[in-house]
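The following exercises concern one molecular structure. Work through each task before reading its solution.

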Amino acid sequence: MTLDDISASKKYAKAMFEVLSDSDELETGYADLIELRKIFAANPKLIDILDDIRVSDDEKKSVLAPITKSASDFINNFLKVVASYRRFPQILDIIDQFQKVYENDKKIVRAQVVSATPLNDDQLDRLAKAFEKRVGAVKAIFDTKVDKSLIGGVVIRSSDVIIDGSVQTRINKVKELLLN
């Protein structure tokens, strides 16, 4: 993907956000786009078919029919714009960029939580509340991962913040102090 594609994806995302906000359909539009993303992510060949100039417009419409027949006007218009500007190869990125704009507006922060052992729901909930308070977010969404090399504690990484409370890092800091 080129820089121009990324820039175009951001422009599409911002325009969609404004349209949905102005028409008071932001929440339903967001939900629809997330569902649409699932369809295209699960069927990458669909993107290839819809971008193939050898496939007729009628064939493309029939391929899209299961999606468009129950889709909202917004989604149908979005798909028409994507098709007319031949942006199907960027459709996942456009939706991802939209999700970033939406989450930024709603003060939702995504972060990866790495711990030495699996965390239970209560631990994750308390960690999320503390992280939300620390970064000024309304909601934190965690992607969790276990890394036994941490020994204990957790490491939280978001796009803006890294909080390293792992035992391994503390041990490394003590070693560094002792060696200097």
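**Exercise 1: Two residues in helices**

At 16% relative accessibility, N76 counts as buried. The model is a predicted one, and the exercises below refer to it.

Task: State in which helix N76 is found and which residues N76 is in contact with, leaving aside neighbours within four places in sequence.

Solution. Step 1: N76 is found in helix α5, residues 73-84. Step 2: Buried means under 20% relative accessible area, and N76, at 16%, therefore counts as buried. Step 3: Leaving aside neighbours within four places in sequence, N76 is in contact with T68 and A71. Step 4: N76 and T144 are 68 residues apart in sequence, and their C-alpha atoms are 35 Å apart in space.

Task: Decide whether Q99 counts as buried or exposed, and name the residues that Q99 touches.

Solution. Step 1: Q99 lies in helix α6, residues 91-105. Step 2: The relative accessibility of Q99 is 14%, so Q99 counts as buried. Step 3: Not counting residues up to four places away in sequence, Q99 touches Y30, I34 and R110.

**Exercise 2: The packing of two helices**

Task: Describe how helix α2 and helix α3 pack, and classify the residues in their contact.

Solution. Step 1: Two packed helices are described by the angle between their axes and the distance between the axes. Step 2: Helix α2 (residues 26-42) and helix α3 (residues 44-51) pack at an angle of about 90 degrees, and their axes are 4 Å apart. Step 3: Angles of 65 to 115 degrees count as roughly perpendicular; α2 is therefore roughly perpendicular to α3. Step 4: From α2, the contact is made by I39, F40, A41 and A42, and from α3 by P44, L46, I47 and L50. Step 5: By class, the contact of α2 with α3 has eight nonpolar residues, no polar residues and no charged residues.

**Exercise 3: The faces of a helix**

Task: Compare the expected span of helix α7 with the distance between its end C-alpha atoms, then explain where the buried residues of α7 fall.

Solution. Step 1: Helix α7 (residues 121-135) has 15 residues and, at 1.5 Å a residue, should span 21 Å; its end C-alpha atoms are 21 Å apart, which agrees. Step 2: The residues L124, L127, A128, F131 and E132 of α7 are buried. Step 3: Seen down the axis of α7, the buried residues fall within an arc of 135 degrees, so they line one face of the helix. Step 4: The buried residues of α7 pack against β1 (108-115), β2 (139-146), β3 (154-158) and β4 (162-164). Step 5: On the other side of α7, R126, K129, K133 and R134 are exposed.

Note on methods: Residues are numbered from 1 along each chain as its sequence is written. This is a predicted model: local features need pLDDT of at least 70, side-chain atom pairs count only at pLDDT 80 or more; totals for chains, interfaces and linings use all residues. Side-chain values use heavy atoms; hydrogens and water are left out. Axes are lines fitted to C-alpha atoms, for helices over the stretch in contact, and angles run from 0 to 180 degrees between N-to-C directions. Angles under 35 degrees count as roughly parallel, over 145 as roughly antiparallel, 65 to 115 as roughly perpendicular and the rest as oblique. Contact means heavy atoms within 4.5 Å. Ala, Val, Leu, Ile, Met, Phe, Trp, Tyr, Cys and Pro count as nonpolar, Asp, Glu, Lys and Arg as charged, and the others, Gly among them, as polar. The expected span of a helix is 1.5 Å times one less than its number of residues. Buried means under 20% relative accessible area, exposed over 50%, partly exposed in between (1.4 Å probe, protein chains only). The arc is that of the directions from the helix axis to the C-beta atoms.
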